[in-house]
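User: I would like to learn how to read the features of a model like this one, step by step. Could you take me through them, with the general idea before each case?

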Amino acid sequence: MTVMAEKKLHEMSREERLDYIRKATRISDDIEVMLRPLPFEDANRMIENAIGIMSIPMGVATNFVINGREYVIPMAIEEPSVIAAVSKAAKIAKVKGGFIAEANDSIMIGQVQVVGLGNVKHAMTKILRNKKQLLAIANSNSRSVTAVDLQVRQLRDKSPNNMGNMLLVELVIDTKDAMGANAINTMCEAIAPYVAKITDGEVVLKILSNYSTKRLVRCTATFDKEELGGSQIVKRILYAYALAYSDAYRAVTHNKGVMNGIDAVALATCQDFRAIEAGAHAYAARDGTYRSLTSWRRTKEGDLAGEIELPLAVGVVGGVVNAHPTAKFALQILGVKSAKELAMVMTAVGLAQNLAAIRALSSEGIQAGHMKLHARKFSK
Ligand code: MEV
């Protein structure tokens, strides 16, 4: 729940901003402690050959109403103007009710690759015959993450090395509120020796797929034409979208703008942003051509309606999410109760960030916008 602030956030001191967050979120923990850089000893436990901590500014985006709830959104990013721009876009969306988002269940795929099979079809039948046992083995060491199904596929090597036919045994796994990578990999490794035995083949890879197409998130919003600057701007934004839909050179930059928002929330909440990026871009190319992750149209009333859909594997439990004090704090600011809710917030930020960018590009241009913002900052 957002508290009405007398001053705008960008006019406040850091202390005043923290106070605003305390009131808006009712966080009782010591915020200063949670915002402290990670102690070196923790970093040294997390990665190898650690030499220090790389710090990135963290701010908050405001004005977001998603599914009727107000959110203060933490974003970690080194690029100026991103947070101001997304907050402005969210303010415009608010006029027409904010963002409507929905997310699929947290279903992911774990792949076990089997090669060296004389008869792949025969091996598939044998695996399916042992499906129940394989699922039981996958689930034997897991508490909340659950393998719910097992599928098999035959695949022919399309690489120039011509390695022949292979079998893919795919675990379908509900990771619930976790991103799930560790649990999925553990399950794949657990069933691998049995898969090899059953098929009399050689297991090579056993790993999750970061292309989580069963874990899609969608978000829509309508932006009032007058708030955007008039119907001419709406038309110019549609031209911008036409270019992003039709040309990969523009689509990559357009989607980079989307990811400015999504990655910044991912970073603030310690998500695996590399996995998110890889999945998002593969999804952008799902029909064979790399396209815009967002789509835009004019409504009957002449307003601008936007939509975004992408796979988002994020978690609110497990991994470093709960071990990193600042990530924990970021999740507390958001007040999200589930991985699905976090994914919905991130998708709304992606849509808003894209609107902000293409609106600026369709009018005064991004550099002119940046310059104005900086002039305001440095005139103080
Ligand atoms: C800059 O970080 C992002 C933009 O280039 C995105 C876009 O062109 O849509 C402004």
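Analyst: Gladly, and please keep in mind throughout that this is a predicted model. Salt bridges make a good start: side chains of opposite charge can pair when their charged atoms come close. In this structure Asp19, Arg22 and Lys23 are linked in a network of salt bridges, and the count of salt bridges comes to 16.

User: Which residues form salt bridges with lysine 96?

Analyst: Lysine 96 pairs with aspartate 224, where the closest N and O atoms are 3.6 Å apart. Because lysine 96 sits in the loop between helix H4 (82-95) and strand S3 (99-103), while aspartate 224 sits in the loop between strand S8 (216-223) and helix H8 (225-228), the pair ties together parts that are 128 residues apart in sequence. Lysine 96 also forms a salt bridge with aspartate 303, with the closest N and O atoms 3.1 Å apart. That pair again links distant parts of the chain, since aspartate 303 lies in the loop between strand S9 (294-298) and strand S10 (304-311), 207 residues from lysine 96.

User: Are the partners buried or exposed?

Analyst: Here a cut-off is needed, as buried means under 20% relative accessible area and exposed means over 50%, with partly exposed in between. Lysine 96, at 40%, is therefore partly exposed, whereas aspartate 224, at 13%, counts as buried, and aspartate 303, with a relative accessible area of 5%, is buried as well.

User: Where do glutamate 102 and arginine 218 lie, and how is each classed by accessibility?

Analyst: The side chains of glutamate 102 and arginine 218 meet in a salt bridge, at 2.7 Å from N to O. The pair links distant parts of the chain, with glutamate 102 in strand S3 and arginine 218 in strand S8, 116 residues apart. Glutamate 102 counts as partly exposed at 43% relative accessibility, while arginine 218 counts as buried at 18%.

User: How should I read the surroundings of the ligand, and which residues are around it?

Analyst: A useful order is to list the shell, then ask where its residues come from, and then look at individual contacts. The residues around the ligand are Glu79, Arg250, Thr253, His254, Lys256, Gly257, Asn260, Ala357, Leu361 and Ile366. They divide into three nonpolar, four polar and three charged residues. Helix H10 (248-268) and helix H13 (339-362) each supply at least two residues of this shell, and H10 gives the largest share, six residues.

User: Which side chains place a polar atom beside an oxygen atom of the ligand, and at what distances?

Analyst: Among them is glutamate 79, with a polar side-chain atom 2.6 Å from a ligand oxygen. Arginine 250 has a side-chain N or O atom 2.7 Å from an oxygen atom of the ligand, and for lysine 256 the corresponding distance is 2.6 Å. Taken alone the ligand exposes 300 Å², and the protein buries 85% of that.

User: What does a phi value tell me, and which residues deserve a look here?

Analyst: Most residues other than glycine have a negative phi, which is the background for two cases. Asparagine 162 has a phi near 50 degrees, a positive value in a residue other than glycine, and its place is in the loop between strand S5 (146-156) and strand S6 (165-174). Aspartate 200 has a positive phi of about 60 degrees although it is not a glycine, and this residue lies in the loop between H7 and strand S7 (202-208). Asparagine 162 counts as exposed at 61% relative accessibility, and aspartate 200 is exposed with a relative accessible area of 65%.

User: What does the side chain of asparagine 185 reach?

Analyst: Such a contact is read by naming both atoms' owners and then their setting. The side chain of asparagine 185 reaches the backbone nitrogen of leucine 208 at 2.9 Å. Asparagine 185 is found in helix H7 and counts as buried at 17% relative accessibility.

User: Which residues make the nonpolar surface patch?

Analyst: Met46, Ile47 and Val320 make a nonpolar surface patch of about 230 Å². Of these, isoleucine 47 is placed in the loop between helix H3 (40-46) and strand S1 (58-66), and is partly exposed, with a relative accessible area of 47%.

Terms used
Residues numbered from 1 in each chain as written. Predicted model: local features only at pLDDT ≥ 70, side-chain atom pairs only at ≥ 80, totals over all residues. Heavy atoms only, no water. Near = heavy atom within 4 Å. Polar contact = N/O pair within 3.5 Å; in protein donor to acceptor, adjacent residues only side chain to side chain. Areas by Shrake-Rupley, 256 points an atom, 1.4 Å probe, with all protein chains shown as cover. Helix = DSSP H or I, 4+ residues; strand = E, 2+ residues; numbered from the N terminus. Nonpolar A, V, L, I, M, F, W, Y, C, P; charged D, E, K, R; others polar. Patch = residues over 30% accessible without salt bridge, like charges linked within 9 Å, V, L, I, M, F, W, Y side chains within 5 Å. Salt bridge = Lys/Arg side-chain N within 4 Å of Asp/Glu carboxyl O. Buried < 20%, exposed > 50% of the residue type's maximum accessible area, 1.4 Å probe, protein only.
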